[in-house]
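Take a moment to look at the chain before reading on, turning it slowly and following the backbone from one end to the other. The paragraphs below then go from the whole chain to single residues.

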Amino acid sequence: MKYIIKIAIISLLLLWLFYDIDWNLFIQSLKHLNLAGIILTFCAVFLSDIIISYRWYYLGLFRYTFLTSLEANMLAFFLNIFAPAKLGDLSKIYYLHKKENAKIKNATAMFLIERVFDVIILGFLILFSTIFIYPDPKASIAVGVIALIILLFFSILLRPRYFFILLQFIPARKLRLILYQIYKSLQTFLDRKKLFTLFILSVAVWAGYYLNNFIFFITATDFDLTLSQIFIASTLAFAVSAIPLTPGGIGTFQAAFVLVLGWYGIPKESALSASIVLQCLYILPATLYSLYLFMTKEFL
């Protein structure tokens, strides 16, 4: 049943995206994109990929090479184009285990820490965006309360005693054991200095994502958007793409931009063409690098 619902949602999404499209205007919108801005965005995306890889390198506490971290991330980005629910990200665990003999539980802990920080930062970005969308005192209070709950949950992770108490509420013994083993691996990061460094690196990762979009919409398009408008559109696109609906967020990424840019008077055809090119630029560096790895790495 869930597959039928998923297919129905995807079908409705694609129907909404491509229904009543003026294809001549769509082609003209593509032609109006600035080539220099596209090249600049490509370079920015590759730079953000390097920042992401450095965070993975740091998560390994420098026990593995930076090149391995870069390769693992590029392959994960590439596999996410085809894998549902961003399962391509799990390839980083296997790659680290295969190439550097990393223990699966340690690589899994690295992956979970990375995801926790990404979810927390994206959550705060979504909350922050609501203040722009709903400039109301009640919205600000709601944002503050939710932010406080997130910080409270995060503080529990710093106190093993409280975490173990929460663990007892999980009925499945095997699941409790797995979570306990992963938490033991996580404890290597549960000190303020490492957490602060990891937080700064995670902020840099997300700053890179937004910088990519700012560069693209400012230099490659003629949309005349403000920075706050690009920020809101980007936040919604990142949030929707994180939902495991389609491989690589293809379709959902475009739908978010078409919806929000439509609020700012950008025609559907122009928003759709620009968002398709932008997502291709996100995919292209990882695709080229992964193809190189497939040709040069025998064990792949």
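Accessible areas come from the Shrake-Rupley method with a 1.4 Å probe. In this predicted model, the accessible surface of the chain comes to about 16,300 Å², and 73% of that area belongs to carbon and sulfur atoms. Of the 300 residues in the chain, 45% are buried, where buried means under 20% relative accessible area.

As you follow the backbone, you will meet 13 helices and zero strands, so that, read from the N terminus on, every element in the order α-α-α-α-α-α-α-α-α-α-α-α-α is written with the one symbol. Contacts show how the chain is brought together: among those with a separation of 6 or more, 71% are between residues 24 or more positions apart. One pair far apart in sequence is Asp-22 and Lys-268, which are separated by 246 residues along the chain, while their C-alpha atoms are 9.0 Å apart in space. Asp-22 is found in the loop between helix H1 (2–18) and helix H2 (23–31), and with a relative accessible area of 38% it is partly exposed.

Helix H6 (residues 104–133) holds Glu-114. Is this residue, at 2% relative accessibility, buried or exposed? Glu-114 counts as buried, because 2% is under the cut-off of 20%. If neighbours within four places in sequence are left aside, Glu-114 is in contact with Arg-55, Trp-56, Leu-59, Asn-73 and Lys-92.

Further along the chain, helix H8 (residues 160–167) includes Leu-166, which has a relative accessible area of 41% and is therefore partly exposed. Leu-166 belongs to a nonpolar patch on the surface, which it forms with Tyr-162, Ile-165 and Phe-169, and these residues together have about 430 Å² of accessible area.

Helix H11 (residues 227–241) lets you check a helix by simple reasoning, since at 1.5 Å a residue its 15 residues should span 21 Å, and the distance of 21 Å between its end C-alpha atoms agrees with this. How many of the 15 residues of H11 are buried? Eleven of them are, which means that H11 is largely enclosed by the rest of the structure. The buried residues of H11 include the run Gln-229, Ile-230, Phe-231, Ile-232, Ala-233, Ser-234 and Thr-235, and Ala-237, Phe-238, Ala-239 and Ser-241 are buried as well.

Methods
Residues numbered from 1 in each chain as written. Predicted model: local features only at pLDDT ≥ 70, side-chain atom pairs only at ≥ 80, totals over all residues. Heavy atoms only, no water. Helix = DSSP H or I, 4+ residues; strand = E, 2+ residues; numbered from the N terminus. Expected span 1.5 Å × (residues − 1). Buried < 20%, exposed > 50% of the residue type's maximum accessible area, 1.4 Å probe, protein only. Patch = residues over 30% accessible without salt bridge, like charges linked within 9 Å, V, L, I, M, F, W, Y side chains within 5 Å. Salt bridge = Lys/Arg side-chain N within 4 Å of Asp/Glu carboxyl O. Contact = heavy atoms within 4.5 Å.
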